[in-house]
Amino acid sequence: MAALCLIGLGILLLLVNTQFISLEISEAIILLYPFLLFVWGGWLFILRLFSRGRRGSLFWGLFLLLFGGLLSLNRFGWIDFTFSMIWQLWPYLLVYFGVKMMAGSRLHVTVKTSGKKHAKQTSAWHIVSDVTFNEDNWLVEPIYRSTGVADYDFDFTRAFIQEKETPIELRGWVGDVKVIIPEDVEFSVDAKAAVGEIKVGDRTEEGLLKQFHFQTSGYEEAERKLTFAFDFKVLDLRIDRV
């Protein structure tokens, strides 16, 4: 949605600068676009609350209501707020997460296993995460992690993988995940993403994504195996076997 807004604004400015759109029309668009943003935000908010398919977006709906509303009030001369002041709305993130918590969203706590050679077993929420698992002989344990924006790097060739099924569940808004797995370790992948690129071995899918599933041939019979589950709005996933 943010990308579409930038594309639309960029095309509009190009048309104005190249005089494909007259000055009068451009002034009318500049005058009216805050009200369109406000209506768009209200529509997304209503869809999210009342549609059966859970369409729309609570986050972007409320943000566009706020942003478009402030710009609209500026058009009436009631307050001084311009498009360049969008960065001053960052406290909205605190308000949004606070409302989500009051509405029943889980507040997670980070849990770390003891020992220098152990992996971090986590069940946590982080706005931004940069996590790397590449220490020598790190112990692979179940991981459950939620993030806003995350960069994960797993190197299982340097890990101690136990003789059991180990789940690794990652979710959030934007995820950049790189995984290296030994050839003799079986694994499965279930991924949900609105858009992105997923590459597992020789299989690649990109663009608009809904559901992705991959499973190695010996997964069902294996005692030692990894089970990955990813749920992101935007996902860049690469898994290689070496």
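**Aromatic pairs.** I looked up the ring pairs and found that the structure holds 14 aromatic pairs. Rings of Phe, Tyr and Trp (its six-membered ring) pair if their centres lie within 6.5 Å; planes under 30 degrees apart count as stacked, over 60 as edge-to-face and the rest as tilted. I began with Phe76 and Trp78, whose ring centres are 5.2 Å apart and whose planes meet at 25°, so this pair is stacked. I then noted a tilted pair, Phe133 and Trp138, with 5.3 Å from centre to centre and 35° between the planes.

**The model.** I record that this is a predicted model, in which local features need pLDDT of at least 70 and side-chain atom pairs count only at pLDDT 80 or more, while totals for chains, interfaces and linings use all residues. Residues are numbered from 1 along each chain as its sequence is written, and side-chain values use heavy atoms, with hydrogens and water left out.

**Exposure of the paired rings.** I used relative accessible area (buried: under 20%; exposed: over 50%; partly exposed: in between; 1.4 Å probe, protein chains only). Phe76 has 52% relative accessibility and therefore counts as exposed. Trp78 is exposed as well, at 64%. In the tilted pair, Phe133 is buried at 7%, and Trp138 is buried at 3%.

**A cluster of rings.** I asked which residues ring pairs link into a cluster with Phe133 and Trp138. They are Tyr152, Phe154, Phe156, Phe187, Phe214, Phe228 and Phe230.

**A charge over a ring.** I found Lys225 over the face of Tyr219, at 4.4 Å from the ring centre. The criterion is that NZ of Lys or CZ of Arg is within 6 Å of the ring centre and within 35 degrees of the ring normal.

**Tyr92.** I located Tyr92 in helix 4, residues 91-102. Helices (H or I, at least four residues) and strands (E, at least two) are DSSP runs, numbered from the N terminus. Is Tyr92 buried or exposed? With a relative accessible area of 9%, Tyr92 is buried. Leaving aside neighbours within four places in sequence, I list its contacts (heavy atoms within 4.5 Å) as Leu58, Phe59, Leu62, Phe63 and Leu66. For Leu62, which is 30 residues from Tyr92 along the chain, I noted a C-alpha separation of 9.2 Å.

**Asn137.** I placed Asn137 in the loop between strand 1 (123-133) and strand 2 (138-139). Its phi is near 60°, a positive value in a residue other than glycine. Asn137 has a relative accessible area of 47% and is therefore partly exposed.
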